Amino acid sequence: MALKIGVLISGSGSNLQAIIDEIEAGRLDAEIRVVISSRPDAYGLVRAKEAGIQTVALSKDVYADADMANEAIASELVHAGCEYVVMAGYMRKVTDAILAAFPDRVLNLHPALLPSFKGAHAIADAYEAGVKVTGVTVHFANAEYDKGPIVAQRAVEIAEDDTVETLEAKIHEVEHRLYPQVLQMIAEGRVQVGADRKVHIS
Ligand code: GRF
C-alpha cells in the first residue's frame, strides 16, 4: 500500500515537485495526502494544487505561538491520514506536538553533509569555508535542529570553477534524486531506527 505522506514547505517546492514527479512516474509508491506551507505565497502551493493535492497555507500570525502552530499542523497531518511527515524546504522549527505524533517519522532534507554546516545557509557556508566536498543529508528530525538519525547522504564535489550558484544547482539536482529514493525505501519498509538511535537499512 502506498506510503501516506504530508509535505511541509516554505518556498519554491522543487523537492516537492520531484516527489510528485516520481509518484506520477510510478517509481515512488507514495501518496501525498496534504501539503502544508508556512507561507501563503510559497510557489510550492501552486505545484501542489496543479497536482490536485490538498493544501493548507499558514500565515505568519499562526507562528506567533510556535507550540500552537505545531499543534495545528500535527492535527492537520493526523486528520489527513499521514503516516510520515516530509520536510522539504520548511523553514520553521518542528516541535513536540508534531514529533510526538510522528515519532521517528518526520524527515528533513539538509543541503550539506551533517553534522557539518548546520543551519539555514548551509550551501553558502560550505562554499565560503572552501571545503572540497559537501553534499546532501536526509535525516529524521528531532527536537534539536539539524540533528537526529541520518538516513542517507550523498557527496557533491566543489570544483575550482564552481560559484555558490552552480554549487546550489548541483546540490538541488542530488536532492531531487535522493529524497524520493529515501521515501521509496521507507515505503518498502526497509528503514528502521535502531535501539542505538542509528538508522539501519535492510
Ligand atoms: C533545499 O535545498 C533543502 O535542502 C533546504 O531547502 C531547500 C528547499 O528547496 N532545506 P525547495 O523548496 O524544495 O525547492
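## A walk around helix H6 and its neighbours

Just after helix H6 comes Gly189, a residue with a positive phi near 75°. That is a handy place to start a tour of this structure, which is a predicted model.

**The helix itself**

Helix H6 covers residues 164-187, 24 residues in total. How far apart are the end C-alpha atoms of helix H6? They lie 34 Å apart, and this agrees with the 34 Å that a helix of 24 residues should span at 1.5 Å a residue.

Several residues of H6 are buried, including Leu167, Ile171, Val174, Leu178 and Val182. The buried set also has Glu175 and Gln184 in it, along with Tyr179, Pro180 and Met185. Arg177, in contrast, is partly exposed, because its relative accessible area of 48% falls between the 20% limit for buried and the 50% limit for exposed.

Arg177 also has a partner within the helix: Arg177 and Glu173 form a salt bridge, with 3.7 Å between their closest N and O atoms. The two residues are four apart in helix H6, which means that about one helical turn separates them. As background, an α-helix has 3.6 residues a turn, so residues three or four places apart point the same way.

**A neighbouring helix**

Helix H1, residues 14-24, packs against H6 at an angle of about 55°, and the two axes are 9 Å apart. The two helices are therefore oblique to each other, and their crossing is right-handed. Which residues of H1 and H6 meet? On the H1 side they are Ser14, Asn15, Ala18, Ile19 and Glu22, and on the H6 side they are Glu175, His176, Tyr179, Pro180 and Leu183. Among these H6 residues, Glu175, Tyr179, Pro180 and Leu183 are also buried.

**Salt bridges**

How many salt bridges does a search of the whole structure find? The search finds eight, and the table shows three of them.

| Pair | N to O distance |
|---|---|
| Arg197 and Asp104 | 3.0 Å |
| Arg177 and Glu173 | 3.7 Å |
| Arg190 and Glu188 | 3.0 Å |

The bridge between Arg197 and Asp104 links distant parts of the chain, as the two residues are 93 apart. Arg197 sits in the loop between strand E8 (191-193) and strand E9 (199-201), while Asp104 sits in the loop between helix H4 (96-101) and strand E5 (106-110).

These two residues have something else to show in their backbones. Asp104 is not a glycine, yet its phi is positive, about 55°. Arg197 is not a glycine either, and its phi is positive too, at about 65°. Are they buried or partly exposed? Arg197 is partly exposed, with a relative accessible area of 42%, and Asp104 counts as partly exposed at 30%.

Arg190 and Glu188 join their side chains in another salt bridge. Arg190 counts as partly exposed at 29% relative accessibility, and so does Glu188 at 42%.

**One more stop**

Where is Pro115 found? Pro115 is placed in the loop between E5 and helix H5 (122-129). The peptide bond leading from Leu114 to Pro115 is cis, with an omega near 10°.

Conventions. Residues numbered from 1 in each chain as written. Predicted model: local features only at pLDDT ≥ 70, side-chain atom pairs only at ≥ 80, totals over all residues. Heavy atoms only, no water. Expected span 1.5 Å × (residues − 1). Buried < 20%, exposed > 50% of the residue type's maximum accessible area, 1.4 Å probe, protein only. Salt bridge = Lys/Arg side-chain N within 4 Å of Asp/Glu carboxyl O. Axes fitted to C-alpha atoms, helices over the stretch in contact; angles between N-to-C directions. Parallel < 35°, antiparallel > 145°, perpendicular 65-115°, else oblique. Left-handed = near helix turned anticlockwise from the far one by under 90°. Contact = heavy atoms within 4.5 Å.
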